[in-house]
Amino acid sequence: NKKIIILLLLLSCIVSIVHAEIDADVHFGVYYQDEVPYLEVSLHIVGSTLEEKIVTNAGVETRVNVLVTMKADEQIVDFEKYALRSPLAKNPSDFIDLRRFVLPPGSYTVEIKIVDQLKKSNQFNLQQEITIAEWKQEMFVSPISLLSNVKPSSEQDNPFFKYGNLMEPAAFHFFHQQMNKLYVFSEIYNADKSGQENLAVKLSIENLDNDIDPLVKYKRFKSSHKEVFIDMIPIAELSSGNYKLVFQVVNSAQEVMLEEQRYFQRSNPEKDRDLLINSEYDLEGNFINSLTPEELEYNL
């Protein structure tokens, strides 16, 4: 009985540690509008790591306070302080939010503080160094965004509205079984100064766990002052594992002029099962071949 009590106490401590801090994903991106830079800060807050408020016969809700502060040389140059409240639901909902800050070129420290309104000790704190570069005279590209969803919209007051679409970042760069499409967003600047009239974006998805041929897709475009790139790659056939997306701007001779990379993870149990069922294993020389049925069952 004492052993059971001690085990239960240990398990309760572990659970307390797991829920002791808000789980959130933060993405930063510097973009240019009419050669003027601005910073995007997008948040994804995991609702299950927040304290719940039970609303009678209506479900539960969660609430957070968010403070985003921009500092230069320890001086606050801009900030936003706001609150978010989830809709009523059976289970706690995740929060997603995006804020934009117009800042002159320079070095900044971005501080993000998220506080659970219903449990003030439950917090998320992040400090990130950000450099905003001046507009360049040669071709360059914005950060590559991996998105979980893109859909046409006219909701211009929605923080995720951009270029006629609602674009939702993929939280933690993780794509689960139901997410069979990977959307890629970027902005290519000064392509008209590349000396090339016709260019293309080459997207490659490389499996970092297995030596298999990458998934490749091309999208052509004509050189311009600013090219908005949005495209989708189907990933239903990708098995679970670690992947790298390679974003390249290439000319007609397939010469790489610009390259960016992003890493992501994929979970796809059904595809994993199919691969196992259809695979043929050669057990000759494998340690499994030397096991008796009883030893094999014991080890399994």
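1. Which lysine lies over the face of Phe-229? It is Lys-219, at 5.4 Å from the ring centre. Do keep in mind that this is a predicted model. A second lysine of this kind is Lys-162, which lies over the face of Tyr-31 at 3.8 Å from the ring centre.

2. Tyr-31 also belongs to a cluster: ring pairs link it with Tyr-38, Tyr-163 and Phe-185. The count of aromatic pairs comes to twelve.

3. One pair worth a look is Trp-135 with Tyr-189. The ring centres are 5.3 Å apart and the planes meet at 65°; the cut-off for edge-to-face is over 60 degrees, so this pair is edge-to-face. Trp-135 sits in the loop between strand 9 (123-132) and strand 10 (140-141), while Tyr-189 is in strand 15, so the pair ties together parts 54 residues apart in sequence. Trp-135 counts as buried at 14% relative accessibility, and Tyr-189 is buried at 0%.

4. Tyr-189 has another partner, Phe-140: here the centres are 4.8 Å apart and the planes at 40°, so the pair is tilted. Because Phe-140 lies in strand 10 and Tyr-189 in strand 15, this pair ties together parts 49 residues apart in sequence. Both Phe-140 and Tyr-189 are buried.

5. Strand 15 (residues 181-189) also holds Val-184, which is buried, with a relative accessible area of 0%. Leaving aside neighbours within four places in sequence, Val-184 is in contact with residues including Ile-144, Leu-146, Leu-203, Phe-229 and Phe-247. By contrast, the C-alpha atoms of Val-184 and Asp-73 are separated by 34 Å, the two residues being 111 residues apart along the chain.

Conventions:
Residues numbered from 1 in each chain as written. Predicted model: local features only at pLDDT ≥ 70, side-chain atom pairs only at ≥ 80, totals over all residues. Heavy atoms only, no water. Helix = DSSP H or I, 4+ residues; strand = E, 2+ residues; numbered from the N terminus. Buried < 20%, exposed > 50% of the residue type's maximum accessible area, 1.4 Å probe, protein only. Contact = heavy atoms within 4.5 Å. Phe/Tyr/Trp six-rings, centres within 6.5 Å; stacked < 30°, edge-to-face > 60°. Lys NZ or Arg CZ within 6 Å of the ring centre and 35° of its normal.
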